[in-house]
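Reader: I am new to this structure and would be grateful for a close look at a single part of it. Please describe the pocket and what surrounds it, after placing it within the chain as a whole.

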Amino acid sequence: GILRLRRLSCTQRMPKQKVAPKWYPTEDGPKKLTKTIKKKSQGTKLRKSIVPGTVLILLAGRFKGKRVVFLKQLESGLLLVSGPFKVNGVPLRRVNQTYVIATSTKIDVSSVDTSGISDAPDQKTKRHFFSKVVAETKEDSGDSEFVSQETKKAGLTEERKAMQNKVDTALLASIQKTPMMKDYLKSRFSLQKGDLPHLMKF
């Protein structure tokens, strides 16, 4: 009787082992999809040292070393700047705030209207203010028997040219109020041997 009780207790304590099935399904069953919460993309945070009217020094690109005036931050997070073009040849362009040095010099840009400048693409045309227009020009080969060649060249839109003139006029009026400001914007920033940029105050 004692051995029988011990055998029963041992069998009761032993867990039942699952037998593997002989056949497996060819396709996996439906899986529960987990809900993914999309985070709203926050706009690019502007540096505290950069405010409208701040004179910036470009560190990269075609106009490296030139001084420009910051006008506003665009929808893409890039900075809208201008030389202005009539002073140092820098037109209205977009730059990344990573590649600029903010100086302590500021210009009053309250009279500059930049409401018509945006780099958000139009839903219908997929174009924005900085999109270039492609113009077709025909070049005669000299002989009437041959077909003239067509070459496509990218140029600025008339809207951008008009806005450049409008912004430059307003900026020049503010620049002329401060003596030597025009010469300061014309000068190019450069470092010489022995200069310590980390100790400079811009």
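Author: Of the contacts in the protein chain with a separation of 6 or more, 58% are accounted for by residues 24 or more positions apart. The model in which these contacts are found is a predicted one. Its protein chain contains 4 helices and 7 strands, arranged along the sequence in the pattern α-β-β-β-α-β-β-β-β-α-α. The chain has 202 residues, and buried residues make up 28% of them. The protein chain exposes about 16,300 Å², of which carbon and sulfur atoms supply 54%.

The part requested is the largest pocket, which holds about 380 Å³ of space. Its lining consists of 13 residues, and those nearest the centre are Pro-91, Leu-92, Arg-93, Leu-156 and Arg-160. Two elements, β4 (93-95) and α3 (158-175), each give two or more residues to this lining. The largest share, 3 residues, comes from α3. By character, the lining of the largest pocket divides into 6 nonpolar, 1 polar and 6 charged residues.

Two of the residues nearest the pocket centre, Pro-91 and Leu-92, are also in contact with Ser-82. Ser-82 lies in strand β3, which covers residues 79-82. Is Ser-82 buried or exposed? Its relative accessible area is 0%, and a residue counts as buried under 20%, so Ser-82 is buried. Beyond its neighbours within four places in sequence, the contacts of Ser-82 include Val-68, Val-69, Leu-71 and Val-90, as well as Gln-164, Asp-168 and Leu-171.

Leu-92 leads from the pocket to the interior. The largest nonpolar core has 21 residues, and Leu-92 is among those with the most contacts inside it, together with Leu-71, Ile-117 and Leu-185. At least two residues of this core are supplied by each of β2 (67-73), α3 and α4 (181-186). Helix α3 provides the largest share of the core, 6 residues, and it likewise provides the largest share of the pocket lining.

Leu-185, another residue with many partners to consider, is in contact with Val-55, Arg-67, Val-69, Gly-83, Pro-84, Val-87, Asn-88, Ile-107 and Ile-175, leaving aside its neighbours within four places in sequence. Apart from the largest core lies another, of 12 residues, which includes Phe-63, Val-68, Phe-70 and Leu-79. One of these, Val-68, is in contact with Ser-82, as is Leu-71, a residue of the largest core.

Technical notes
Residues numbered from 1 in each chain as written. Predicted model: local features only at pLDDT ≥ 70, side-chain atom pairs only at ≥ 80, totals over all residues. Heavy atoms only, no water. Buried < 20%, exposed > 50% of the residue type's maximum accessible area, 1.4 Å probe, protein only. Contact = heavy atoms within 4.5 Å. 1 Å grid on protein atoms, 1.4 Å probe; cavity = no way out; pocket = protein on both sides within 12 Å on 5 of 7 lines; lining within 4 Å. Points joined across faces, edges and corners; volume = space filled by probe spheres on them. Nonpolar A, V, L, I, M, F, W, Y, C, P; charged D, E, K, R; others polar. Core = buried A, V, L, I, M, F, W, Y, C linked by side-chain atoms within 4.5 Å. Areas by Shrake-Rupley, 256 points an atom, 1.4 Å probe, with all protein chains shown as cover.
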